[in-house]
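Please work through the exercises below with the sequence and the structure at hand, and try each task before reading its solution.

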Amino acid sequence: MSVLVHKIAAQFVASLPLCSAMGLHIGDAQDGAPAIILPYSKSLIGDPQTGVIHGGAVSVLLDTVCGAEVFGHPENTVPTATIDLRIDYMRPAKIGEPIYARAIVYQTTRNVAFVRGTAWDTDIDNPVAMAAGAFTFAKKAAKS
Amino acid sequence: MNAREPLQDIKKRRDGVLQSIVNAIPFAQFLDVRVERMGNELSFILPYDKKLIGNPMLPALHGGGVAGFMELTAIISLTWYSIWDDMEAGKLLSDENFPSDLNLPKTIDITMDYLRPGLARDAYARATINRSGRRYASVHVEAWQDKHERLFAQCTGHFLMPEQFILSEK
């Protein structure tokens, strides 16, 4: 469903301070196509009973991948910012496994980009969390 | 309630339980989240750190980090209000397994609303529990920096409550 189209933008975004502090990077997912990857780390645990990564870390990953797709969108002209982002947590992430994420910009207007993102661990068809968001956008003026 | 209980005992119990919960969550340590308490009311602090930046040009805080901070605010507040009676009854600090036997609420969904850029300075948050049922809870979080009335982010989340917050209490 989702794609990681704008690899250079994603590489730039994953290098931002918070992202690099959490180890976010670009790599290939199980299907051989690129995704943004959040490596498992004990410092990101949210539930000490189970060792599952905190939802907030998954929020960083999904916000980053959604933002990267908007930032790299060929019609965009300025840096982007999140207006709103809804995240559904479908299940706990598997302990010790990296989490992959991709997003797709499915609609843009002059000032807003609408994005959906997915995060999964071992099975691309069984997501850990999904995001739907709106981001600031400045569409290139159409040439007349 | 014991009206004659020495003040330092009350503070020791409440601050001890609160700090144990925060210390038990590694992600809260990663973000260096602090909590201040006035009675049962909690205020959360996200001290500014370079690693929280998402836009180095402005500079502005990363929305995801702010999201994590607000989600922690919701989860810790929900836990705090839920275990209050057990804590006041003195059941928690006498429990050698606390806080490792603590079950936390699980996030079902959370909707972030970014009102203005988070500046390169400390951020604060407070949670309002709009509903806390046996299974589900709905929590609203406000986050601000300089002026409380000028929120820079807010969120509403739904949480699945654990069957028991304290495991050993069968």
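**Exercise 1.** With which residue does Arg86(A) form a salt bridge, and how far apart are the closest N and O atoms?

*Solution.* Bear in mind from the start that this is a predicted model. The partner of Arg86(A) is Asp109(B), and the closest N and O atoms of the pair are 3.6 Å apart, which is within the 4 Å that the salt-bridge rule allows. Across the interface of chain B and chain A, the rule finds two salt bridges.

**Exercise 2.** Describe the interface of chain B and chain A, beginning with its contacts and its buried area.

*Solution.* Begin with the contacts: 35 residues of chain B are in contact with 30 residues of chain A. Next take the area, for the two chains bury about 2,500 Å² between them, with 60% of it on carbon and sulfur atoms. In chain B, the residues that lose the most area to chain A are Phe27(B), Phe30(B) and His62(B), which together account for 22% of what that side buries. Then turn to polar contacts, of which the count between the chains is 15 residue pairs. On the side of chain B that touches chain A, strand 5 of chain B gives the most, with nine residues. Finally, the residues of that side divide into 18 nonpolar, 10 polar and seven charged.

**Exercise 3.** Which residues are linked with Arg13(B) in a network of salt bridges?

*Solution.* The network links Glu5(B), Arg13(B), Arg14(B) and Glu88(B). One step is the pair of Arg13(B) and Glu5(B), whose side chains meet at 2.6 Å, N to O; Arg13(B) counts as buried at 10% relative accessibility, whereas Glu5(B), at 21%, counts as partly exposed, the cut-off for buried being under 20%. Another step is the salt bridge of Arg14(B) with Glu88(B), where the closest N and O atoms are 2.7 Å apart. This pair links distant parts of the chain, since Arg14(B) lies in helix 1 and Glu88(B) in helix 3 of chain B, 74 residues apart. Arg14(B) is buried, with a relative accessible area of 16%, while Glu88(B), at 26%, counts as partly exposed.

**Exercise 4.** Are Asp121(A) and Arg91(A) buried or exposed, and what does their salt bridge tie together?

*Solution.* Asp121(A) is buried, with a relative accessible area of 1%, and Arg91(A) is buried as well, with 19%. Their salt bridge has its closest N and O atoms 2.7 Å apart. Asp121(A) lies in the loop between strand 7 and strand 8 of chain A, and Arg91(A) in the loop between strand 5 and strand 6, so the pair ties together parts that are 30 residues apart in sequence.

Notes
Residues numbered from 1 in each chain as written. Chains lettered and ligands numbered in written order. Predicted model: local features only at pLDDT ≥ 70, side-chain atom pairs only at ≥ 80, totals over all residues. Heavy atoms only, no water. Contact = heavy atoms within 4.5 Å. Buried area = accessible area lost by both parts, 1.4 Å probe. Polar contact = N/O pair within 3.5 Å; in protein donor to acceptor, adjacent residues only side chain to side chain. Helix = DSSP H or I, 4+ residues; strand = E, 2+ residues; numbered from the N terminus. Nonpolar A, V, L, I, M, F, W, Y, C, P; charged D, E, K, R; others polar. Buried < 20%, exposed > 50% of the residue type's maximum accessible area, 1.4 Å probe, protein only.
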